[in-house]
Structure formats: C-alpha cells, structure tokens
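Here is a short report on how the parts of one chain fit together. Look at the structure first, then read on.

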Amino acid sequence: MIELRHLTVHAGNFAIRDISFVIPTGGYCVLMGKTGCGKTTILESIIGFRDISAGQILLGGIDVTDWNPALRGIGYVPQDGALFSRMTVRRQLGFALSIRRIEASVIHDRTMELAALLGISHLLDRVPKSLSGGERQRVALGRALSFEPRILCLDEPLSALDSETRLQMCDLLVQVRQRTGVTTLHVTHNLDEAERLADPLFQLRDGQLQIN
Amino acid sequence: MSEPSSTLGAPRDRVAMAISDRCFIACMSIIGGVYVALIAGMLIADVIYMIRQSASAASGQEGWSAYIVNSPIVDALRDPKIRYSIRLSLISCTLSAILSVFVAVPLGYLMSRVRFPGRTLLDAFLDIPIVLPPLVVGLSLLILFQFPPFSWFARSIVYQIPAVILAQFAVACAFSVRTMKATFDQIDPRCEQVARSLGCSRFQAFSLVVFPEADRGMVTAFTLAWARSLGEFGPLLIFAGSTRMKTEVLSTSVFLEMNVGNLEAAVSVSLIMVAGAVVVLVLTRMLGVSATDPYVTKPGRAPHSAQAIGSEP
C-alpha cells in the first residue's frame with residue numbers, strides 16, 4: 001500500500017501542495033497529467049529522491065518520509081530505462097541481489113526466472129547499447145523487480161516506444177501485475193496507456209489530484 | 001492542373017546561394033587555416049633546423065647513419081644532464097597526473113552532483129590556477145611555504161624534487177577537475193538514482209555504477225594533466241629552482257640551454273617534448289573517439305582541452 005498524507009514538495013519555483021491519496025496493496029495506480037504538472041515530483045518523493053516540505057509518505061503502513069531510498073524497497077523504472085551501460089543484462093538483473101550479498105545460485109535462479117517472465121532470456125549476455133528501446137525497458141523492469149519489491153514506480157516507461165512495442169509492454173505490465181501482485185504507481189501522459197492499465201486512475205491538474 | 005505560383009515562397013537565385021555557401025566555407029577555412037599553418041610552421045621549422053645542424057655536423061661523412069649519429073637530438077640524449085631531466089620529467093609528470101586525477105575525481109563529482117551554497121563561486125575559484133600567470137602560481141607556493149604548517153616541511157620540499165611535483169600538480173589538477181566535472185555531467189544521474197533505489201548506498205552507487213562509466217574521462221584527465229605538467233615551467237622556476245641534475249625537468253633544460261647559448265640542445269629538448277606531447281594527444285583522441293555509444297548517454301566522454309597542452313609562460 002502507498003499512502004500520501006498532505007504531501008507538499010518544493011522544487012525550485014515550482015511546488016505541489018497538500019497531495020493525499022492511497023493506492024491499495026496490489027493496486028495499479030496510473031498518475032496522469034500534463035508535462036511539468038508535478039507527476040514525476042510526486043513519484044520521486046515516494047522513492048526518496050526529493051526532500052519534502054510537509055506531509056507523510058507511508059509504504060505498507062510504515063512512515064518512510066525520512067528514509068533513505070535504498071531502504072524503502074521500491075523498484076524504479078525511469079523514462080529511458082537508465083541501464084548501467086557497462087553491465088550485461090545478466091549483471092543488471094542480479095545487481096540488487098548482489099548488493100544484498102545473496103548467494104550466487106539464488107541470484108542465477110532469480111535472473112533466469114525474470115528473464116523468462118520478461119522474454120529477455122536471449123539477451124542475458126548483451127550490453128545496453130546493443131538493445132532496442134523495448135528490450136531496454138524490459139531489462140529496466142526486470143532490474144526493478146529483481147529484489148521482489150512490494151512497490152513499483154514507473155516514470156513514463158513507455159513514452160519513448162513505438163505504438164506496437166508500447167502495446168506489447170502494456171500487456172507485459174498487466175502480466176507482471178498478475179504474477180507478482182506488486183503495488184504499482186505508473187506516471188504517464190498517454191490516455192490510451194492509462195485506460196489500459198489504471199486501477200485506479202489519478203489526474204493531476206493545477207496541483208490538485210482528481211480520482212477518475 | 002498547374003500548381004499556384006508563389007512569389008513569397010520562391011527561393012533566391014540558386015547560383016548566388018551556391019556561391020554564398022562556398023564563400024562562407026572558404027572564409028572560415030582561410031581564417032582557421034592561418035592558425036593551423038602557424039602550428040605546423042613552428043614544428044616544421046624545428047625539424048628543418050635540426051636536419052640542417054645534423055647535415056653540417058655530418059659534412060664529409062657518407063650515409064644516413066652519419067646524420068643520425070651527429071644529430072643534436074642524439075647528442076642531447078647522450079648528455080647525462082638531459083637524461084636526468086628526461087627521467088625526472090617522466091616521473092614527476094606521472095606522479096602529478098596521478099595526484100591530479102585522485103583529487104579531480106571527488107572534486108569533479110561533487111561539483112557535478114551536489115548543489116550547495118557558493119557552488120558557482122567555487123566553480124570560478126577552481127579556475128584560478130588556469131587563469132593566474134604561471135610565475136604567480138610559483139611565487140604563491142613559495143610564500144605559502146613560509147607559513148605553518150607548510151613551513152615545517154619547507155626544507156624538504158622547496159627547491160627540492162617534491163616542489164617540482166607540487167608545482168606541476170597545482171596547475172595540472174585544475175584541468176583534471178574541469179575534465180572530470182564534464183565527465184560526470186555527461187553520465188546520466190538517473191543511473192545513480194536507480195542504483196540507490198536498488199539498495200546501494202551513495203558510495204556503492206558511485207563505485208559500482210558511476211566510477212566504471214567515468215573510466216575514459218579519467219584517462220583523458222590523466223593524459224591532460226600529464227601533458228600540462230610536461231609543459232610547466234614558470235611555477236617550477238620560482239618554487240623548485242632550476243638546479244642541474246636536481247630539479248631540472250625538460251622545460252627547465254630548454255631554458256638552461258638557451259641561457260648558455262646552446263640553441264641546438266634547446267631545440268633538441270623541445271623536439272623531445274613535442275614528441276611526448278604528440279603521443280599523449282593521439283592517445284587522448286583515440287580513447288575519446290572509441291567511447292561512442294548510440295543508445296545510452298555517453299559515459300566518460302570528456303571534452304578535449306587543447307589548451308591543456310603546451311609550455312608556458
């Protein structure tokens with residue numbers, strides 16, 4: 001469960017004020033709004049990349065407002081994937097587990113499981129520069145899911161993809177939700193994408209949140 | 001049906017446009033070419049001078065080997081003082097370049113990633129060694145070592161070999177910091193954010209994700225610092241002195257040989273330095289070009305700073 005209580009964040013001259021919402025456990029919330037309306041600011045506040053001015057962030061009922069991003073246990077997929085350019089796909093998928101000093105055999109099994117789920121088994125020994133846009137986003141999604149997070153934050157993950165790949169990725173996200181039950185916050189400005197995935201759909205307009 | 005004609009959208013005279021375009025490129029080429037010719041002319045003049053001196057020394061002897069044996073460069077390489085100077089230059093430049101990168105990595109990273117009050121001021125402050133007259137850098141170092149705690153070590157540093165390294169480092173490091181800041185600026189900060197969301201501490205995100213992506217930038221920073229150190233002269237003269245077989249590096253050798261009127265040896269040492277600088281430049285360019293990456297941000301690609309190469313004052 002993700003819960004925001006009266007969240008206020010200042011980012012330079014821009015601010016979002018008094019935002020509150022709850023995404024139930026296993027929910028797939030799509031947050032929509034125009035470019036620059038503050039969607040990403042909310043998402044980054046939840047992950048822990050931004051200092052908040054007021055309010056509380058609760059994950060699974062625990063107040064994590066002052067927690068370090070590393071301790072919040074949130075899987076994060078940014079717009080262009082932000083893959084680690086010097087690591088193979090295999091290393092990216094095992095990265096979070098190796099940080100946690102998990103046994104190599106467990107990392108291997110988890111990597112194979114994720115690769116099968118996301119259809120990237122044939123890409124495991126490739127580096128990011130040789131991947132297409134869709135493949136990169138699949139790897140980024142796998143990397144974010146690798147440590148079995150309770151919460152997944154996606155920041156316009158499909159915006160750079162062509163329409164066909166976007167549809168495939170939408171289907172994949174539905175499948176991931178069904179298989180993992182992860183609570184997801186998906187930021188986008190694409191209505192079609194939002195209608196396919198949202199449960200619930202929030203609109204951010206003039207700093208105010210509306211639930212559709 | 002004929003298309004409606006438009007006077008507003010009609011292109012200008014095609015011939016005039018083509019002439020204008022060619023003139024533009026020609027003017028640019030002429031202005032730029034003057035400088036390229038100046039650089040090439042300087043190097044060619046040195047080489048021709050050397051060949052002439054070799055020819056006059058080898059007069060009466062047959063074969064190319066006579067030219068080589070009697071070349072002032074070979075004479076210079078035989079001279080123990082020049083050999084000492086080459087050895088000290090190689091060691092001091094390498095040490096100052098290592099020190100420069102060691103300092104430039106954290107400083108460049110902080111300047112690139114952390115926002116703090118006075119950051120713009122510090123950014124300008126870091127350029128001081130670049131814009132300050134080189135002699136002033138040396139003089140300032142000399143004055144600094146009159147005050148504690150530096151004065152405690154003055155006897156073993158000032159006018160000694162460590163002064164050579166410190167004087168080279170003081171200027172070269174500023175170039176390395178610029179290079180490393182540009183390198184970190186070009187590495188997508190979101191990679192680091194993702195690493196932190198995956199469970200990394202800041203140090204782990206830096207060492208496991210950012211640092212490997214900055215490798216080419218570090219090589220560039222190292223080579224630029226090395227080449228800058230090789231050309232350093234003003235601060236060395238003031239802070240380390242120009243004692244033969246003690247604090248003499250290649251730039252000092254040129255100065256000392258010129259002082260005793262030995263132009264041949266001065267040009268010979270200059271050509272040895274040119275060869276060193278060319279090797280470093282070629283290495284930097286090769287490593288920079290090979291970093292092309294079409295999909296992700298271009299990690300570790302640092303801008304090439306031509307101004308970092310060259311002797312002064």
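In chain B, the centres of domain 1 and domain 2, taken over C-alpha atoms, are 29 Å apart. The bounds come from an automatic or database domain assignment. This is a predicted model: local features need pLDDT of at least 70, side-chain atom pairs count only at pLDDT 80 or more, and totals for chains, interfaces and linings use all residues. Residues are numbered from 1 along each chain as its sequence is written, while chains are lettered from A and ligands numbered from 1 in the order in which they are written.

| Domain of chain B | Residues | Residues in the contact |
|---|---|---|
| domain 1 | 14-56 + 64-69 | eight residues |
| domain 2 | 72-308 | nine residues |

Contact means C-beta atoms, placed from the backbone, within 7 Å. On the domain 1 side, α1 (14-57) and α2 (64-69) of chain B each supply at least two residues. α1(B) gives the most, with six residues. Helices here are DSSP runs (H or I, at least four residues), numbered from the N terminus.

Now for a helix pair. Helix α4 (residues 80-113) and helix α12 (residues 215-231) of chain B pack at about 135°, with axes 8 Å apart. Axes are lines fitted to C-alpha atoms over the stretch in contact, and angles run from 0 to 180 degrees between N-to-C directions. So α4(B) is oblique to α12(B). Oblique is what remains after under 35 degrees (roughly parallel), over 145 (roughly antiparallel) and 65 to 115 (roughly perpendicular).

Which residues of α12(B) meet α4(B)? Among them are B:M218, B:F222 and B:W226.

Conventions. Contact = placed C-beta atoms within 7 Å.
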